[in-house]
Every structure is written in structure tokens, then in C-alpha cells.
Amino acid sequence: MNVMYLLFSFTVGGIERLMVDVANGMSKKHNVTVCIINDYYSNELVNELNDNVNVILMKRPVGSGKIKCMVDILKEVKKVKPDVLHCQGMNCIQASILVKLLMPKVKIYNTVHDVNNYKKYNKFQVVLGNVMCRKIIAISKAVEQEILHKAVPKNKVEVVFNAIDTDKFKPNLIKKLDKNNITLVNVARVYPEKKGQDLLVRAVAQLYKRGYNIKCIFAGEPMKGNVKYIDDLKALAKELRVSDNVEFLGNVMNVPQVLENADLFVLPSRFEGFGISIIEAMAMGKPCVVSNIEGPMEIISSDKLGYTFKNGDYADLTNKIELAINNYDSFDCEYIRNYVVSNYSVTNMIDKLERIYGE
């Protein structure tokens, strides 16, 4: 099978790390091409794609002409001649209209990577997705429900949970918590409006007031042009007198290494379709504290894996982190890792994608 994945950008983030794992895994049995449309990509991440993956860097300036973009994509697809064109978002679908019209034998699929996406689509976009795609893939049940609410036929939608290459994560499963030296880690784009990093800074301040010697490490960089997010969080930490208790690493390529040094993983997102960084932390045997919203709650389904807190409530977040600290011995790190291996392995994800592509 000849499979082509189409993305507009390829910077370091959960979706992009997922794409690396899927493309590398799929290339063991199939011809795989990853086509990145815009000139907004990470060379380090591109280099993580193995030699069997054909990489096309179109280097389109962000925001440039849409018609030219559609024509250029058609040219690239004609060169590759894929059986499957798997788009990553509605913008990719819209940019592939000429492919659908002029290369009707190409099977087109689209993955919806977050909640709130389909809610924003107008009637034209919804109809376009229905017409162009053989299947629309939802990364969680929460995302599936939002798609179905927009008059998309049920047989058009498939749930394929996000996954990771668990072999990349080599945890030390016997680490014990030192209550005099507690490390929290948050791996996510720095985007407080969505990812809630401001709530975590406030929780750190509350825990510090309660006498905990606590450090919180933020791994991730903001979207292009939004450096102010980190400045705002640093200003908040300074205001709350916990500047020495928080650290911003910026872009991190070796996520397992960062997670290895964590006691707890915290993702306080205000909305989230899934949360790849949650299963990455769990693959390292780390208990998690996450918002009680649909995507993360599909993963943290019991107290054996971690705790959920009331979305947007930093006081409840503080209490749940404290609860996790005080009950740390109740977590079985090997059980947490095995849960991810059984349910969120990229091997299982690829098997499901192969079935979908073959229908």
C-alpha cells in the first residue's frame, strides 16, 4: 500500500510526535510519504522519521495563496501516486479538493485531533468532509460525539485512539517519592488558554505555602508568535513568589528523559480531545493529575492511574496533587505502564488504520 500523510506544519507537539511514530511504524510494511505543506517545521523532528519514509517539504510561506497551495499539493500527489491520502485536519481537506476532483481513485481520510474543531465548522466544511473522506477519524469518543452532532453519518466516523511507541519509554518502575523533594512535570505546548499552565503555577504556589518542597518543570514551547505566554507565566510565578519553584525548558526532544525525573505528571487543560502527553507519562509509570474533561478522563479512568480535578479550579488541582503525594505508595507504576502498552500502543493503532485503509 502507498500511503501519504498530509500536514500543514510539523513542529514539536503531541500530534507531530504521533505522526512520527505512525509513519515509522507504517513504513515497515508499506510505502509511506509525509508531506509538510508550510515552512513551519522542526528539522529535529523531521530527522526522527526513518530512512524508509519519504519526506516532502513544500515550504509554503504561512498564509500564502490558497489556490497555488491546492495546485502544488496536486502536483506532489501525482508524483507519489498514493492509494491513501490521510489528511490531518480540515485545512488539509480543503487544500486537497483538486486531488479529489482529478484523482478520484485516491482514498482520502481525515483525522480530527481535538474537541471544539467540528463545532466551529460551517455547513460547507462539514459537507466537504462528508463528500471527500471515506472515513473521518476521531481521536477519542468525545471527539466522535462532536462530529456526529454536525450531521455526519455514523458509518462515516471511526474512533482510533492516539497512541505512542511504547518501546521509546524505558521507565525505572521502582522509584519512590521523596516528600522532601517533589517534582511535577507538564509536557505540552505553552498555551495557557487551552493547556492551563497558569492553573498549575497557582497550584504550585499553594503547595509551597502548605510546606511542600516542590518543583514544577514545564516542557514545551508556545506556538509561533506567542512567546508572551512564557513571559506571562514567569510574571505570575514571580507575583506568587514561586519563581524558583518553576522551570521552563522550552522545546524538548527527549520527552522520556524529562518524565523520568518526575514524580507526578500534571495536565490541567481547559479543553483537550485526548492528551498524548498523558499516555507518554503513563508509559514511564507516572501517576497523573488531569482535568475532569472528556478526553483526559477517557484515559485516566480509575484512581489506579491518577486523579482528576474540577476543570479550571486551581484549588481543587492543588488538593488532588496533594492527595496524589500523600497516596503515592498506592500507585503501582508497572500497572500504569502496562495499561498504556495494552491500550495505547502505536502497533495497535497502525493495525486499525490498516484495516480502515483496506475497506
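In the predicted model, helix α1 (14–26) contributes the most to the lining of the largest cavity, with 3 residues. The space inside the largest cavity is about 110 Å³. Its lining is formed by 14 residues, and L18, H86, Q88, T111 and M349 are the ones nearest the centre. Two elements, α1 and α17, each supply two or more residues to this lining. By class, the lining of the largest cavity holds 9 nonpolar and 5 polar residues and no charged ones.

The search of the whole structure returned 2 cavities of 30 Å³ or more. The second largest cavity encloses about 40 Å³. Its lining consists of N172, L173, K175, M284, G285, K286, Y328 and C333. Of these residues, 4 are nonpolar, 2 are polar and 2 are charged.

Helices α1 and α17 also appear at an open site. The second largest pocket has a volume of about 270 Å³. It is lined by 14 residues, with G25, K28, V346, T347 and I350 closest to the centre. The elements giving two or more residues to this pocket are α1 (14–26) and α17 (346–358). Here α17 is the element that gives the most, with 4 residues. The lining of the second largest pocket comprises 7 charged, 5 polar and 2 nonpolar residues. For the largest cavity, by contrast, the lining includes no charged residues.

Strand pairing was examined next, beginning with strand β6 (residues 135–138). This strand is covered on both faces, since K135 and I137 are buried on one side and I136 and A138 are buried on the other, where buried means under 20% relative accessible area. Strand β5 (residues 107–112) runs parallel to β6 and is joined to it by 4 bridges. In this pairing, Y109 has K135 of β6 as its bridge partner. Strand β7 (residues 157–159) also pairs with β6 in the parallel sense, over 3 bridges. There, A138 is partnered by V159 of β7. Helix α8 (residues 141–148) completes a right-handed β-α-β unit with β6 and β7.

A further right-handed β-α-β unit is made by β12, helix α14 (residues 294–299) and β13. Its two strands, β12 (residues 288–291) and β13 (residues 306–309), are parallel and share 4 bridges. Within this pair, V289 lies opposite Y307 of β13.

Another strand, β8 (residues 182–187), contains L184. L184 is buried, and its relative accessible area is 0%. The C-alpha atom of L184 is 37 Å from that of L57, a residue 127 positions away along the chain.

The cysteines were then considered. The number of disulfides in the model is 0. C35 takes part in no disulfide, and the nearest cysteine sulfur, belonging to C92, lies 8.7 Å away. C35 is also buried, with a relative accessible area of 1%. For C69, the closest cysteine sulfur is again that of C92, at 8.5 Å, which is too far for a bond because a disulfide requires the two sulfur atoms to be within 2.5 Å. C69 is buried as well, at a relative accessible area of 3%.

Backbone angles were inspected last. Most residues other than glycine have a negative phi. K59, which is not a glycine, has a positive phi of about 55°. K59 belongs to strand β3 (residues 53–60). With a relative accessible area of 48%, K59 is partly exposed. N116 likewise has a positive phi, near 75°, and is a residue other than glycine. N116 is located in the loop between β5 and α6 (117–120).

Terms used: Residues are numbered from 1 along each chain as its sequence is written. This is a predicted model: local features need pLDDT of at least 70, side-chain atom pairs count only at pLDDT 80 or more; totals for chains, interfaces and linings use all residues. Side-chain values use heavy atoms; hydrogens and water are left out. Buried means under 20% relative accessible area, exposed over 50%, partly exposed in between (1.4 Å probe, protein chains only). On a 1 Å grid over the protein atoms alone, a cavity is a set of points where a 1.4 Å probe fits but cannot get out, and a pocket is an open set with protein on both sides within 12 Å along at least five of seven lines; lining residues have an atom within 4 Å of a point. Grid points are joined across faces, edges and corners, and a volume is the space filled by probe spheres set on the points. Ala, Val, Leu, Ile, Met, Phe, Trp, Tyr, Cys and Pro count as nonpolar, Asp, Glu, Lys and Arg as charged, and the others, Gly among them, as polar. Two strands pair if DSSP finds at least two bridges between them. A crossover is right-handed if, with the strands pointing away from the viewer, the path from the first strand over the helix to the second runs clockwise.
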